[in-house]
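Hi everyone, thanks for coming. Please have a look at the picture on the screen, and I'll walk you through it step by step.

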Amino acid sequence: MLAALISRVRALRAGPAPAPLPALERPAPIEGADIADFDTCPRENRRTPHAMRADGSRRCFRCGHETPGQDS
Ligand SMILES: [Zn+2]
C-alpha cells in the first residue's frame, strides 16, 4: 500500500523523461588565451584582469595592452 503510494508520487514527480543532453562541448576559448588572471597592466599601472597565454604573454582585458612573455 505504502510502496504503491511512493511509486506513484515518484512517477508524478519524475514527469516526462528529460531530453538526452548533447555531447559535452568545450566552450570556445578566448582567442589565444589559456586562462584569465589578474596581473599588473603596465599601461594602467594597476592590477587588471588579463588573458594569460601559455608562452607567458598576456593581454589586458580593460585596455588591450599586450605584455610579451618572459620567455620570448
Ligand atoms: Zn590595461
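I'll begin with the overall layout, then take the helix, the strands and the turns in order.

One thing to keep in mind from the start: this is a predicted model. So what is the protein built from? Its secondary structure comes to 1 helix and 4 strands, and if you read along the sequence you meet them in the pattern α-β-β-β-β. How much of the protein is buried? Of its 72 residues, 8% count as buried. Here is another number for the whole protein: among contacts with a separation of 6 or more, residues 24 or more positions apart account for 3%.

Let's go to the helix. H1 covers residues 2-14, which makes 13 residues. From the first C-alpha to the last, H1 reaches 18 Å, close to the 18 Å expected at 1.5 Å a residue. How many of the residues in H1 are buried? The count is 0, and H1 is hardly covered. Just after H1 you'll find glycine 15, with a positive phi of about 65°.

Now for the strands. The 4 strands form an open sheet in the order S1-S2-S3-S4, and the pairing is antiparallel. Which strands stand at the edges? They are S1 and S4, and S4 is residues 66-67. Each has a single partner strand, so one side of each is left without a neighbour in the sheet.

Let's look at the pairs. S1, residues 35-41, and S2, residues 46-52, pair in the antiparallel sense over 7 bridges. You can follow some of the partners across with your finger. Alanine 36 has alanine 51 in S2 as its bridge partner, aspartate 37 has histidine 50, and aspartate 39 stands opposite threonine 48.

Histidine 50 is a good place to cross to the next strand, because S2 is joined to S3 as well, and histidine 50 has cysteine 60 in S3 as a bridge partner. S3 is residues 58-60, and 3 bridges join S2 to S3, again running antiparallel.

What about the turns? S1 and S2 form a hairpin with 4 residues between them. Asparagine 45 lies in that loop. Its phi is near 55°, a positive value in a residue other than glycine. Is asparagine 45 buried or exposed? Asparagine 45 is exposed, because 8 other C-beta atoms lie within 10 Å, and the cut-off for exposed is 12 or fewer.

Next in line is arginine 46, which has its place in strand S2. Arginine 46 is exposed too, with 11 other C-beta atoms within 10 Å. Which residues does arginine 46 touch? Leaving out residues up to four places away in sequence, arginine 46 touches Thr40 and Cys41.

The other hairpin I'd like to show you is the one of S2 and S3, with 5 residues between the strands. In this hairpin, glycine 56 takes a positive phi near 95°.

To pull it together: picture a helix, H1, with 0 buried residues among its 13, and then an open sheet in the order S1-S2-S3-S4. Thanks for listening, and do ask me anything you like!

Definitions and conventions
Residues numbered from 1 in each chain as written. Predicted model: local features only at pLDDT ≥ 70, side-chain atom pairs only at ≥ 80, totals over all residues. Helix = DSSP H or I, 4+ residues; strand = E, 2+ residues; numbered from the N terminus. Buried ≥ 20, exposed ≤ 12 C-beta atoms within 10 Å, placed from the backbone. Contact = placed C-beta atoms within 7 Å. Pairing = 2+ DSSP bridges. Expected span 1.5 Å × (residues − 1).
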